[in-house]
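Student: I've got a model open and a few labels I'd like to have justified. Could we go through them one at a time?
Tutor: Sure, here it is.

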Amino acid sequence: MGIQGLSRLIADVAPSAIKENEIKNYFGRKVAIDASMSLYQFLIAVRQEGNVLTSADGETTSHLMGFFYRTIRMVENGIKPVYVFDGKPPTMKGGELAKRAERRDEAQKELVKAEEAGNTEDIEKYSRRLVKVTKEHGLEVQRLLALMGIPFLTAPCEAEAQCAELAKAGKVFAVATEDMDALTFGTPVLLRHLTFSEARKMPIKEITLAKVLDEAGLSQDEFIDLCILLGCDYCDSIRGIGPKRAIELIQKNRSIDKLLESLDTKKYSPPADWPYNDARRLFKEPEVTSAAEVELKWNEPDEEALVQYMCAEKGFNEDRIRNGCKKLYKARNTATQGRLDSFFKVLSSPATNGNKRKAPEKNGPANKKAKTGGGKFKRGK
């Protein structure tokens, strides 16, 4: 679920914090991607297209197709992706998970009714709501990514929190997910629509946290309280308080604790035993693997092993898989030069401007940037 109404609220109160970009503008950038969110997106997307891919034994393979081709597309554009998978859900998320289970049960009942009535549109709608990412889906994608040479890790808990940890430490430039709570965990730069922007003809939305806080006049702690007030996965919110009222209350009182002291409880009744303090702690001190312990390596793809897995085991077309491998090889060989070229400006010659230019110093800015550019893929051992 993420944070209810946060995207629209940011657009209203901090419009300059959001900008639209094309995928090519992230050339040379390392990006942490919420793998579990991507898994769900790919499984849903193929259902919407009405063509669920399966292997010879009937197993769904749509997610493998999505990760293979979209990852190649990112790498072709110079992006260095690292995928982060969900670990165990936090205990406080139990209530949200229970609600999701109830919604699935309801969708199952509605699907039966639609099938009995022969309502094709409703059958498709409720079938999508029943799509569930399994542990097996994740393990299959991890095997694929390892063969492609793309780094991944499994978070101890929430993937968004682990992605934010990598971004805050400078291991990656941004976090790619649709869940807005990545900002609540402190992600400096959030990218929405990255994994499917081209397929759906949508621009990538880049949201900068520092600009959100600056324009909204909030500290990170106050922003966390705002997100809890809006509605998050860890606890219920105060019924009757919408996004506009929520930010007004936080801007005025600066914390949930303070606003509760003067809140008209007859009009706005907080949940009984409201655990907002615990939710606050989970956002500020999530269970993550320290970024210092994470080493990211992008390796050469193992073409023959990929063909064995994707073609022999999963039924994909061999020519297409080999063609995808060629694109990975080519992207690795061209990404470094392209990133280095972008650091140097073409200087006009003395003949064109009549002035002599001083030769650049060995330790000038251009040379420093070339050394620290980080555009090259590391080779694995």
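Student: Why does R254 count as partly exposed?
Tutor: Bear in mind that this is a predicted model. R254 has a relative accessibility of 36%. Buried means under 20% and exposed means over 50%, so R254, at 36%, counts as partly exposed.

Student: Where is R254, and what is its phi?
Tutor: R254 is in the loop between helix 11 and helix 12 (256-262). Its phi is positive, about 70 degrees, although R254 is not a glycine.

Student: Which other residue has a positive phi of about 50 degrees although it is not a glycine?
Tutor: That's D273, and you'll find it in the loop between helix 12 and helix 13 (276-284).

Student: What makes D273 exposed?
Tutor: Its relative accessibility is 78%. The label exposed needs a value over 50%, so D273 earns it.

Student: How do you know that E222 is buried?
Tutor: The relative accessible area of E222 is 14%. The cut-off for buried is under 20%, so E222 is buried. E222 sits in helix 10. Leaving aside neighbours within four places in sequence, E222 is in contact with G217, I250 and R254, so that last partner takes us back to the residue in the loop between helix 11 and helix 12.

Student: Why is C235 called buried?
Tutor: Same kind of reasoning: C235 has a relative accessible area of 10%, and buried means under 20%, so the label fits. C235 is in the loop between helix 10 (220-230) and helix 11 (243-253).

Student: What does C235 touch, not counting residues up to four places away in sequence?
Tutor: C235 touches I228, W274, P275, Y276 and A279. As for D278, it is 43 residues from C235 in sequence, and their C-alpha atoms are 8.8 Å apart in space.

Student: How many disulfides are there in the whole structure?
Tutor: A search finds zero. Take C227: the nearest cysteine sulfur, in C232, is 8.2 Å away. A disulfide needs the two sulfur atoms within 2.5 Å, so C227 is in no disulfide.

Student: Why is C325 without a bond to C311?
Tutor: The sulfur of C311 is the closest cysteine sulfur to that of C325, and at 8.8 Å it is too far for a bond. C325 is also buried, with 0% relative accessibility, and C227 is buried at 0% relative accessible area too.

Student: What makes strand 1 (18-21) and strand 4 (152-154) edge strands?
Tutor: They belong to an open sheet of seven strands with mixed pairing, in the order 1-7-6-5-2-3-4. Strand 1 and strand 4 each pair on one side only, and they are the edge strands. From one strand to the next, the twist averages 25 degrees.

Student: How do you know that strand 1 and strand 7 pair?
Tutor: There are four bridges between strand 1 and strand 7 (residues 204-208), in the antiparallel sense. Pairing takes at least two bridges, so strand 1 and strand 7 pair. N21 stands opposite I204 in strand 7.

Student: At what angle do helix 3 (residues 62-76) and helix 6 (residues 135-148) cross?
Tutor: Their axes come within 10 Å and cross at roughly 35 degrees. The crossing of helix 3 past helix 6 is right-handed. Residues making the contact include F67 and F68 of helix 3 and L144 and L145 of helix 6. The contact residues divide into eight nonpolar, three polar and one charged.

Notes
Residues are numbered from 1 along each chain as its sequence is written. This is a predicted model: local features need pLDDT of at least 70, side-chain atom pairs count only at pLDDT 80 or more; totals for chains, interfaces and linings use all residues. Side-chain values use heavy atoms; hydrogens and water are left out. Axes are lines fitted to C-alpha atoms, for helices over the stretch in contact, and angles run from 0 to 180 degrees between N-to-C directions. Helices (H or I, at least four residues) and strands (E, at least two) are DSSP runs, numbered from the N terminus. A crossing is left-handed if the near helix is turned anticlockwise from the far one by less than a right angle, and right-handed if clockwise. Contact means heavy atoms within 4.5 Å. Ala, Val, Leu, Ile, Met, Phe, Trp, Tyr, Cys and Pro count as nonpolar, Asp, Glu, Lys and Arg as charged, and the others, Gly among them, as polar. Buried means under 20% relative accessible area, exposed over 50%, partly exposed in between (1.4 Å probe, protein chains only).
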